[in-house]
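Please open the model in a viewer and keep the sequence at hand. The tour below proceeds by selection, and each stop states what is to be found there.

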Amino acid sequence: MLAHTKSEAAFTAAQTLMPGGVNSPVRSYGRVHCNPPFIASAKGCTITDIDGNTYIDYVGSWGPMIAGHAHPRVVKALQEAATRGTSYGAPTLLESELANLVKEIYPSIERLRMVNSGTEATMSALRVARGFTGRDKIIKFQGCYHGHADSLLVSAGSGAATFGQPDSPGVTRATAEDTITLPYNDTKAFNRLMDGFGNDIAAVIVEPVAGNMGCVPPVPGFLEALRSQTAAHGAILIFDEVMCGFRTDLHGAQAYYGITPDLTCLGKIIGGGLPAAAYGGKAYLMDCVSPAGPIYQAGTLSGNPLAVTAGLETLRIITEDPDYTVRVTAQTKKLCDGLRTAAAAAGVPVCIHQSGSMFSVFFTPGEVRDFAMANACDQEAFATYFQAMLEAGIYLPPSQFETCFLSGEHDDQAIEITLSAAKNAFAAVAK
Ligand code: PLP
């Protein structure tokens with residue numbers, strides 16, 4: 001048994017200081033019946049807790065760490081940047097450099113605005129859509145997470161569209177009513193809604209590859225319908241690529257599926273592990289943003305030089321070598337293939353979805369195409385698998401509804417160790 005004495009004590013103390021002992025809910029391990037290790041350091045594809053246990057990391061800080069932890073180039077760039085000051089609240093050349101690189105990678109982004117988190121990016125993109133169209137209502141899809149802004153914390157009834165109910169106390173009914181939710185991948189329901197109410201819709205926001213009900217790719221025709229219906233009704237199509245950006249494909253899910261949104265939200269990787277995100281798209285939309293236009297959005301630390309430095313260096317690492325993301329995707333495939341074989345050998349039915357360097361293992365004999373199907377998976381089997389993997393030194397996201405991430409540092413040895421641990425973990429599930 002791995003020792004967790006120090007982490008257990010730290011968690012007990014933290015619970016008196018922070019709600020649930022954490023600064024973001026899923027870190028509390030609520031769904032997997034154990035307590036979280038407290039982390040001391042991370043390097044490459046590994047992460048080490050305060051008891052001295054080192055794990056192979058498939059959380060990657062929930063996505064940003066595509067170049068691996070403490071990449072020497074990122075560390076050096078940050079050290080140098082810090083000596084020049086940590087924040088100026090004034091324009092820098094670095095911001096333009098990052099904007100240029102993002103535009104090169106994402107040709108649909110003609111102008112962009114840096115913000116501090118994915119939540120700010122989606123919230124601001126929606127404001128642009130509402131400000132530009134003069135409409136209030138938005139459509140989001142059940143199981144998609146776009147951060148914790150009020151209008152996006154809504155996931156109302158299933159099936160036909162319903163006017164949303166607040167998901168969280170504190171979200172007003174009026175706010176929730178402007179958010180219409182539909183099942184992910186339900187092209188028919190979407191078409192029906194747009195045919196009836198399309199001219200009232202300001203924006204359709206979607207994770208083009210869902211990552212927040214586990215990894216669930218779009219079915220053929222779904223993104224195409226979002227594009228054609230929004231164009232036909234003058235609504236803005238927002239791709240939230242905060243998670244799948246640079247992962248489904250270096251150039252995003254929009255390049256992989258060949259669908260061009262009006263606005264794109266980026267986060268995680270764009271900050272290279274520091275707090276940075278961005279939203280951007282068509283120039284005529286972005287030029288509505290203050291001070292070029294009337295739609296207000298601002299930030300004291302937006303475009304922070306340290307965050308931009310980490311993001312820029314990370315993007316350089318993954319673009320300078322044109323095969324970088326292709327290799328991480330290939331390693332992810334190797335791992336997913338091995339996991340399928342191991343699960344089958346143990347007689348455990350699973351559905352494994354991969355999109356680039358993201359993947360999820362769902363404990364179900366069926367398919368997972370939407371939130372209802374993700375919800376129907378065997379959560380207890382997942383908890384058993386999770387605990388066995390952790391004990392074997394494999395650090396996974398502690399929920400069936402989260403996605404695993406690989407980095408360029410996950411080499412063959414890491415994959416082999418993970419697969420050997422998975423064999424035993426699936427056997428534990430089968431018991
Ligand atoms: N959008 C997506 C797709 C996300 O996965 C997340 C966070 O996981 C967000 C938005 C919110 O980003 P942040 O946590 O940086 O506010």
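Leaving aside neighbours within four places in sequence, with which residues is F132 in contact? The model shown is a predicted one, and F132 is a convenient place to enter it. Select F132 together with I236, L285 and C288: these are its contacts once the neighbours within four places in sequence are set aside.

**Stop 1: F132 and helix α4**

F132 has its place in helix α4. Its C-beta atom has 22 C-beta neighbours inside 10 Å, and because 20 or more suffice, F132 counts as buried. Now add A235 to the selection. F132 and A235 are separated by 103 residues in sequence, yet their C-alpha atoms are 9.5 Å apart in space.

**Stop 2: the nonpolar cores**

Next, select A129. Not counting residues up to four places away in sequence, A129 touches A202, A203, I236, I238 and L263. A129 is also among the residues with the most contacts inside the largest nonpolar core, together with A203, V204, I238 and A278. This core has 124 residues. Domain 1 (5-70 + 323-430) and domain 2 (72-320) both contribute residues to the core, and it therefore lies between them. Another core, of five residues, lies apart from it; L152, V154, V171 and A176 are among its members.

As background, nonpolar side chains tend to be buried together in soluble globular proteins.

**Stop 3: the two domains**

Colour residues 5-70 and 323-430 as domain 1, and residues 72-320 as domain 2, following the domain assignment of the protein chain. The C-alpha centres of domain 1 and domain 2 are 25 Å apart. Across the boundary, 28 residues of domain 1 are in contact with 33 residues of domain 2. On the side of domain 1 that touches domain 2, at least two residues come from each of α11 (324-346), β12 (351-355), β13 (358-362) and α12 (371-375). Of these, β13 gives the most, with four residues. That side of domain 1 divides into 14 nonpolar, 11 polar and three charged residues.

**Stop 4: the ligand shell**

Display the ligand and the residues around it. How many residues surround the ligand? There are 16, and the closest are S117, G118, T119, G147 and V242. Helix α4 (residues 118-133) gives the most to this shell, with three residues. By residue class, the shell divides into five nonpolar, nine polar and two charged residues.

**Stop 5: K268**

Select K268, in the loop between β10 (263-266) and β11 (277-281). An unreviewed UniProt entry carries the annotation "modified residue: N6-(pyridoxal phosphate)lysine" for K268. Is K268 buried or exposed? K268 counts as buried, because it has 28 C-beta neighbours inside 10 Å. Leaving aside its neighbours within four places in sequence, K268 is in contact with G63, P64, G118, V242 and M243. Two of these contacts, G118 and V242, also belong to the residues listed as closest to the ligand.

**Stop 6: A210**

Finally, select A210, which lies in the loop between β8 (201-206) and α7 (222-233). A210 is buried, because 31 other C-beta atoms lie within 10 Å. Not counting residues up to four places away in sequence, A210 touches G143, C144, Y184 and V216. To end the tour, add H410: A210 and H410 are 200 residues apart in sequence and 23 Å apart in space, C-alpha to C-alpha.

Conventions. Residues numbered from 1 in each chain as written. Predicted model: local features only at pLDDT ≥ 70, side-chain atom pairs only at ≥ 80, totals over all residues. Near = placed C-beta within 6 Å. Nonpolar A, V, L, I, M, F, W, Y, C, P; charged D, E, K, R; others polar. Core = buried A, V, L, I, M, F, W, Y, C linked by C-beta atoms within 7 Å. Buried ≥ 20, exposed ≤ 12 C-beta atoms within 10 Å, placed from the backbone. Domains from an automatic or database assignment. Contact = placed C-beta atoms within 7 Å. UniProt positions renumbered as here; feature names shortened; annotations may be inferred.
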